[in-house]
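User: Please take a close look at one part of this protein for me. I would like to see how its strands fit together and what lies between them.

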Amino acid sequence: MAFTNSNDYISGRLPVPTPAGPEVLSTRFTLSMATADAALNTIGQIGILPAGCIPIDVRVDMTDPDAGTAAMVLQVGIWDGSGSSLSTDSADGGAHWGTTTAVTAASSQSLTRNGVAMESVTKSSSDRKLGVKVTTAPTTAQAFTLGVTLLYKAA
């Protein structure tokens with residue numbers, strides 16, 4: 001199941017900034033998440049890795065996703081668009097790039113890296129969908145705001 005909502009980057013109303021040289025850019029993508037979006041294995045697009053670019057780092061922030069105290073864990077990587085998984089193509093890093101630590105309240109954190117998956121991403125001639133997957137669902141999910149900040153550069 002894909003996420004309920006979209007944002008201006010996903011819909012094409014806002015262009016994702018692209019580097020003009022060797023600089024590293026940082027773009028924050030936000031999404032209003034419905035309660036159903038926090039269900040186990042829900043996956044969807046939150047942003048875009050522009051054509052010709054590779055990721056450097058990812059930060060994930062969110063308001064409290066659970067009305068109780070249960071934890072939530074997310075994976076981040078390139079979404080394959082199928083509605084069921086993050087890409088395992090070698091050009092996309094071969095696996096998800098990493099996971100959040102267990103989130104029980106509002107948080108902001110870097111990913112716990114999945115080996116060298118993020119460092120293994122190669123440039124593509126087309127934009128790629130930045131995806132998030134719920135791998136541990138909160139017990140009493142509630143609507144929340146999810147933010148993913150992608151740091152990237154030209155390959």
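Analyst: Here is a walk through the strands, the core and one residue outside them.

This is a predicted model: local features need pLDDT of at least 70, side-chain atom pairs count only at pLDDT 80 or more, and totals for chains, interfaces and linings use all residues. Residues are numbered from 1 along each chain as its sequence is written, and side-chain values use heavy atoms, with hydrogens and water left out.

Start with the open sheet. Its 4 strands follow the order β1-β9-β3-β6, and the pairing is antiparallel. Strands are DSSP runs of E with at least two residues, helices are runs of H or I with at least four, and both are numbered from the N terminus. Two strands pair if DSSP finds at least two bridges between them. β1 and β6 (107-110) stand at the edges with a single partner strand each, so one side of each has no neighbour in the sheet. From one strand to the next, the twist averages 20 degrees. Here axes are lines fitted to C-alpha atoms, for helices over the stretch in contact, and angles run from 0 to 180 degrees between N-to-C directions.

Inside this sheet, β3 and β9 share 9 bridges. Met62 has Leu146 in β9 as its bridge partner.

Now β4 (residues 73-78). It has antiparallel links to two strands: 6 bridges to β8 (residues 128-136) and 2 bridges to β5 (residues 98-99). Gln75 shows both links. Its bridge partner in β8 is Lys133, and in β5 it is Thr99. β4 is mostly covered, with 6 of its 6 residues buried. Buried means under 20% relative accessible area, exposed over 50%, and partly exposed in between (1.4 Å probe, protein chains only).

Next comes the core. A nonpolar core is a set of buried Ala, Val, Leu, Ile, Met, Phe, Trp, Tyr and Cys residues joined through side-chain atoms within 4.5 Å. The largest one has 35 residues, and Val58, Val60, Trp97 and Leu146 touch the most other members. β1 (24-33), β2 (43-49), β3 (53-62), β4, β8 and β9 (144-154) each supply at least two residues of this core. Beyond four places in sequence, Val60 touches residues including Leu74, Val76 and Leu146. Contact means heavy atoms within 4.5 Å.

Finally, look at Asn7. Asn7 sits in the segment before α1 (8-11). Asn7 is buried, at 9% relative accessible area. A polar atom of its side chain lies 3.0 Å from the backbone nitrogen of Tyr9. The backbone oxygen of Thr30 lies 3.1 Å from a polar atom of that side chain.

Notes:
Polar contact = N/O pair within 3.5 Å; in protein donor to acceptor, adjacent residues only side chain to side chain.
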